Amino acid sequence: MVESLRTRLLVWHTAIVTMVVAIFGGTVCYLVWRTGLSDVDAELAARAQTISGALRPAGRGTFDFTLAPADSASGSIYHILWTLDGTPIDWSEEGENVPRPSAPGTRSRDGRRELTVHTAGGAVVLVGRSLADLQREVWSLAALLLAAGGAVLALSLIAGWLFAGRALSPITRISGTARRMMQGDLSARIPAERVETELGQVVGALNGAFDRLQASLDRQRRLTADVSHELRTPLATVSAEVQWALGRERTVDAYRESLAVCRRAAGRMQAIVERLLTLARVETLTNRDVSVTVRLDEIVGRAVADLAPQAAERGLTVTVDTIPLGVTGDPDRLLEAITNVVANAIAYNVPEGRVTVTMREHEGLADVSIADTGVGISPSDLGLVFDPFFRADHARTRDAGGAGLGLTLTRSIIERHGGRVVCASEHGTGTVFTLRLPFATSPIEELALSVDPR
Amino acid sequence: MRLLVVEDEPDLQRTLARALADEHFAVDTSGDGDDGLFRALHVDYDAIVLDLMLPRRSGEEVLERLRQAGKTTPVIVLTAKDLGSDRVANLNRGADDYLTKPFLLEELVARIHALIRRAARQPSPAVNVGDLRINLAARRVYKNDEEIELTGREYSILELLVRRRGDVVARTTLSEHLYSDDSELMSNAIDVHVASLRRKLGAAVIQTRRGLGYLIDG
């Protein structure tokens, strides 16, 4: 089996060109042969006529035969004349031993063409000639055609090899790039220049897939790095605290405080790990898991109610304005998504500030907006708020923040539900997060209770 | 020796302060970049322990501003950022040392001592003053091969005077390097410690320049 696509293309190409050349050459040779043969036949018929005209019956089965001098030049045509009973009357040099045919007509015999006619006077006339010259002519034509065909074939082979190579060179580039990616060079891309349309589409699709692959791997790598950073600080706290406590004899109170420090650090690490697990679960959430149609306004109300103590502690005013709308999804996850945003709005607010939660139907989507009166997010940070472990560090301390995964989780959950999260912020005025979800059209009365009553 | 610890994680900050105080450092703490930079610019610390991921102003920025202002205080970066590129970038910003979390307390202390020695152009921890032999790493003082017991404060005063050997060191400088902001300071505390030192080491070691301060001759 021929493996190379280029070779296979060439084999097919060669087979087709050879066939075309062979059919063309064969047809031409056949037609030339046929034309030549009918010319010979016409020539023979004319000669037979001349000879018949020169034959005079002389009574009792005998004939007089005298060719006019003008007609005696026979060219290459020979003749033999018989009486009906087979007695030769006259023959030319070559015609002497020609066997007598049984019936009138044309025959080819031993490289010769012979025409037999019966004259009105009862004689048999045979004229014939050698076909050697015609055969020579056809053979030389065939040789010429063979040479020309061979040249055409050779040319088309070379051209085909080159064209196939050129047409297939993007494939070489594609496989080269794929190999580089396989070896770990994720920045490798297939050069797009001079790629013809069909392959161009393939290249475009592959490069797009490579982009997404690289982005996702980069995200993964960044997340891993961020997680290790986040875990390092509590780990360092535990490690330093234990080293200090074990460094020498301490008081019981000092030991007690050291253990409390370790417990807090462990709690922080646990929070990070739990958020990560949730994040991983959301990432692998399939559509099958997201199947109940629930009241979005109930979920929003629940999220706000759950966080009321925290809001009261900070002296915040929380207002909720919802409309009855259903969404299809996982109610617990949706509650978590909304809770995260509301919790942020409470944590990053000014004392005595406001949190306004509004639900609207907008452009065919259910919009849940959560607005705070906090310090806002600087424009340069706005694109980063959904990144894992991002904290608007210029204004916020670690105390106010959670594990830094809340908004990442929210975005993942909302996107899994076919929606998206947008964030707008004005420095000094506040931040508005809007969760935009496709809503269910089934009648609201038929919907199950969104969340388990606690 | 007075240190500034800039660290936003409160527990770690407290642990560091306690551990370094155990090593006879006077320790000031700061929980964010703004406050840390302000302190670093206005107090003559012997060394600064600086976290990088800080609220309000990043550690990187603190470092840059500090060096732009011409401050040569030794800075050791103590951070969770463990990439080689982070180390390189921050050493190039003007950090003198780089230690990643989690870390060994002993190593941190040793590195801080090394930084302070180097800043005083005394890379060797062993110093001889007359018949005194002082080991700056072990914080021990020997007279004629016999160890002399010193209190933490006494040792710190001796160390500071030795590091600035040949220079007159003002009382205010001494107290700035020996006491953190939280310490309650009596006005004659330094004089009391110096008198005690002279009793233990011999009167001639530390000289008084009236109205200027104290001096150990080069």
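Leaving aside neighbours within four places in sequence, Val5(B) is in contact with Gln13(B), Leu16(B), Ala17(B), Leu20(B), Val27(B), Thr29(B) and Val49(B), where two residues are in contact if their C-beta atoms, placed from the backbone, lie within 7 Å. Val5(B) belongs to the largest nonpolar core, of 60 residues, in which Leu3(B), Val5(B), Ile48(B) and Leu50(B) touch the most other members. A nonpolar core is a set of buried Ala, Val, Leu, Ile, Met, Phe, Trp, Tyr and Cys residues joined through C-beta atoms within 7 Å. A residue is buried if 20 or more other C-beta atoms, placed from the backbone, lie within 10 Å of its own, exposed if 12 or fewer, and partly exposed in between. Apart from the largest nonpolar core lies another core, of 36 residues, among them Val318(A), Ala337(A), Val342(A) and Met359(A).

The model is predicted; local features need a pLDDT of at least 70, side-chain atom pairs count only at pLDDT 80 or more, and totals for chains, interfaces and linings use all residues. Residues are numbered from 1 along each chain as its sequence is written, while chains are lettered from A and ligands numbered from 1 in the order in which they are written. The predictor gives the complex an ipTM of 0.75 and a pTM of 0.57. Chain B averages a pLDDT (the predictor's confidence in each residue, from 0 to 100) of 88, and 98% of the residues of chain B score at least 70. Among the elements of chain B, the highest mean pLDDT, 95, belongs to strand 3 (residues 47–50), and the lowest, 83, to strand 6 (residues 126–129). Helices (H or I, at least four residues) and strands (E, at least two) are DSSP runs, numbered from the N terminus.

Strand 6 of chain B is part of an open sheet of four strands in the order 6-7-8-9, with antiparallel pairing. Two strands pair if DSSP finds at least two bridges between them. Strand 6 and strand 9 (146–148) of chain B are the edge strands, each pairing on one side only. Direction ignored, neighbouring strands of this sheet are turned by 30° against each other on average; the axes are lines fitted to C-alpha atoms, for helices over the stretch in contact, and angles run from 0 to 180 degrees between N-to-C directions.

At one edge of the sheet, four bridges join strand 6 of chain B to strand 7 (residues 132–135) of chain B, and the two run antiparallel. Asn128(B) has Arg133(B), in strand 7 of chain B, as its bridge partner. The hairpin of strands 6 and 7 of chain B has two residues between the strands, and in this hairpin Gly130(B) takes a positive phi near 60°. Strand 8 (residues 140–143) and strand 9 of chain B, also antiparallel, are joined by three bridges. Here the bridge partner of Val141(B) is Ile148(B), in strand 9 of chain B.

The loop between strand 8 and strand 9 of chain B contains Asn144(B) and Asp145(B). Phi of Asn144(B) is near 50°, a positive value in a residue other than glycine; phi of Asp145(B), likewise other than glycine, is positive and near 65°. Asn144(B) counts as exposed because it has 8 C-beta neighbours inside 10 Å. Asp145(B) counts as exposed with 7 such neighbours inside 10 Å.

A cis peptide bond runs from Lys101(B) to Pro102(B), with omega near -10°. Pro102(B) is placed in the loop between strand 5 (97–100) and helix 5 (105–119) of chain B.

Arg171(B) is found in helix 7 (residues 171–178) of chain B. With 16 other C-beta atoms within 10 Å, Arg171(B) is partly exposed. Beyond neighbours within four places in sequence, Arg171(B) is in contact with Ile190(B) and Gly213(B). The C-alpha atoms of Arg171(B) and Asp191(B) are separated by 8.3 Å, the two residues being 20 residues apart along the chain.

Chain A has 10 helices and 14 strands, and buried residues make up 27% of its 454 residues. Of the contacts in chain A with a separation of 6 or more, 67% are between residues 24 or more positions apart.

Between the chains, 20 residues of chain A are in contact with 20 residues of chain B. On the side of chain A that touches chain B, the elements giving two or more residues are helix 4 (197–247) and helix 5 (252–283) of chain A. Helix 4 of chain A gives the most to this side, with 12 residues. By class, this side of chain A has six nonpolar, eight polar and six charged residues; Ala, Val, Leu, Ile, Met, Phe, Trp, Tyr, Cys and Pro count as nonpolar, Asp, Glu, Lys and Arg as charged, and the others, Gly among them, as polar.
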